[in-house]
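Biologist: I would like to go through this structure with you, one question at a time. Please give the reasoning before each result.

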Amino acid sequence: MKLKYIIILSLLLVNSSCYHDYLDIKPDKSLVVPERIKDLQALLDNTTMNMHTVANLGEVGADDYFLSDDRWGSLYYAQERNTYIWAKEIFEGEKTSCWNTPYQQIYTSNLVLEKLEEGDFANDETFRNLKGAALFFRAWAYYQLAQVFCPPYDENAGTNKYGLPIRLTADINEPAEARKTVAETYKQILKDVEESIVLLPETSSVATRPNKQAAFSLKAKCNLLQGNYSVALEAVDEAMKIDNTLLDYNDMDPTKEMPFDVLNKEVVFHNVFSAQILGPTRAQVNKSLYQSYTDNDLRKKLFFYFDKDGLCRYKGMYYNAPTIFFSGIARDELYLIWVECALRTGDLIGAKGMLTALLAKRYTKGSFDASSLPNNREDLLIVTLAERRKELLFRGTRWSDIRRLNAIESQDISLARELEGKIYTLPQKDKRFTFPIPDEAILLGHYLQNER
C-alpha cells in the first residue's frame, strides 16, 4: 500500500487532543485497502492516530491532587472543571475524545484484523504477531472505556445493562450496537486478550508494540478488577516469568527536572494521557499522600518537588513532558498485583518476599528493613494497597482502584474537595463514579445513558 493511503486514513481519524470530535467523521474503509503486512503495522504504530493515548477522566476525578480556587476557575475546559467537583453534568456540550479516541483505536484494530483475513498473507510469525497486536489494542481500548463509562464490575450491583457498545467490524455504516452488559464487556476484553497471548511474541522491539507480557498483564488487570484473584495471580506470574526487571531508584538523579526516561527498562507497554488540569502550574499533590513517604524513600524526591511558592508538585511520570503522564503498564505495577493477589489467596510469605523485592529498589540502598512489614495478612494487605497508591500515582490506576475496592471489597473510600468555601463530596458507590456518555455519542448511537 502506498503511503498516501495511510495519510488518508490518518486525516480521516486524526484526533490530536481530548477535545476534538470523531463521531461526526464517517471513515469509508473502501478508501483504504492495505495490501502488505508493513502497511497494517504502520496503522497500529501511528501515534498521529492516538493509538497510544488513553482518556484522562478517571485521573482528573481521583484524589491524588487538589487545586487552588483560582487555578480551578481558570481552567479552559468545562469537562475538567466539572470532573474535578464530580458534577452531574460533565461535558456541557464540549467535544471530547475521551470516548471517541478509544473507539477510533477500535476501528483501526478492526480494520487491521479484517485486512489480515482478506489479504493474501501467509500464516507466518509476522502475521500472527500483527493479529495479536490488533486484538490487544482492541482489548486495551475497551478496557480503558470500561474504567470510566461502565459501572465497576460487581455481579451483585444490578448495573449490568450499563456496559459498552461492542464493535467487532470496521464497517462504520453498520447500525449502532446496543450497550452490552458489564459482564459481556469484560468477557469480550478477555476473549481478545486470551487470543492475543497465543499470537504475540514474548518481547517487542519497542514498548509501543504489545507483546505477550503486556497481554498477560492486561489479563491480570482485568481479573483484579473482577475480584478473580487466583486467575489474576496466575496471569501476572506468567508475565513476570518473561521479565521481572525493575528500575533501581538508587540509580536515578532526583535533581533532574524529569528523572525518568521514556520507554525505560521497567516499561512493558507504553501509553500516555494528557490533562491541562494536572499540569505543574496547577495541580498540587495531596498533602497527606506526600507525607506518607519516609525520608529514606527515594520516591519522595524523585516524584515530587516544591516550586518557588513552596507548593508540592509531581514530576515522577515515566515520560519527559510535564503535562503528559505515563498510563501504560510497567513492571512495578505487576509486582503490586502479584503481592495483592497472593495475599488475597493466602500466600503471606510469597507476598512479603515480592513486596520486599520491590521496595528494596525504592528505598536508599540497604535502608529498607523487611522485618518492618506486618506478619499477618490483613495488615500486610493494608500496607500493599498503600504502596500501590504511592507507587502508581498519576498513572491512571487510582480511579479504578477506588471503584473496585468500594464495589467488590466493600471498602468505604469516599472523596471530598474544598473549593471556593464549599465542600464537594463523592460518597462510596455513588453513581457519579461512572461518567456519562458524551451527548453526541448518545444522539448518534441512541445508547442508554448512565444513571447519575
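Biologist: Which helices are included in what covers the buried residues of α15?

Modeller: This is a predicted model. In α15, the buried residues are Leu-380, Leu-381, Thr-384, Leu-385, Glu-387, Arg-388, Arg-389, Lys-390 and Glu-391. What covers them includes α9 (212-226), α11 (287-291), α12 (299-302), α13 (331-344), α14 (348-359) and α16 (398-408).

Biologist: How far apart are the end C-alpha atoms of helix α15?

Modeller: Helix α15 runs over residues 377-391 and has 15 residues. At 1.5 Å a residue, the helix should therefore span 21 Å. The model agrees with this expectation, since the end C-alpha atoms are apart by 20 Å.

Biologist: What is the mean pLDDT of the protein, and which stretch has a pLDDT below 50?

Modeller: The mean pLDDT is 90, and 90% of the residues reach 70 or more. The pLDDT is below 50 over a stretch that nevertheless has 78 contacts in the model beyond near neighbours in sequence. That stretch is residues 1-27.

Biologist: Which helix gives the largest share of the largest nonpolar core?

Modeller: In soluble globular proteins, nonpolar side chains tend to be buried together. Here the largest nonpolar core has 140 residues, of which Phe-149 and Leu-164 touch the most other members. The largest share of this core, 16 residues, comes from residues 125-149, helix α7.

Biologist: Which side chains of strand β9 point to the face where they are buried?

Modeller: The side chains alternate along β9, residues 415-419. Ala-416 and Glu-418 point to one face and are not buried. Pointing to the other face, and buried, are Leu-415, Arg-417 and Leu-419.

Biologist: Which residue in β10 stands opposite Leu-415?

Modeller: Strand β10 covers residues 422-426 and pairs with β9 in the antiparallel sense over 5 bridges. In this pairing, the residue opposite Leu-415 is Leu-426.

Biologist: Is Glu-420 buried or exposed?

Modeller: Glu-420 lies in the loop between β9 and β10, a hairpin with 2 residues between the strands. Glu-420 has a positive phi of about 50° although it is not a glycine. Its relative accessibility is 53%, and the cut-off is over 50%, so Glu-420 counts as exposed.

Biologist: What is the relative accessible area of Leu-263?

Modeller: Most residues other than glycine have a negative phi. Leu-263, however, has a positive phi of about 55°, and this residue is found in the loop between α10 (229-242) and β2 (267-269). Leu-263 is partly exposed, with a relative accessible area of 37%.

Definitions and conventions
Residues numbered from 1 in each chain as written. Predicted model: local features only at pLDDT ≥ 70, side-chain atom pairs only at ≥ 80, totals over all residues. Heavy atoms only, no water. Helix = DSSP H or I, 4+ residues; strand = E, 2+ residues; numbered from the N terminus. Expected span 1.5 Å × (residues − 1). Buried < 20%, exposed > 50% of the residue type's maximum accessible area, 1.4 Å probe, protein only. Contact = heavy atoms within 4.5 Å. pLDDT = per-residue confidence, 0-100. Core = buried A, V, L, I, M, F, W, Y, C linked by side-chain atoms within 4.5 Å. Pairing = 2+ DSSP bridges.
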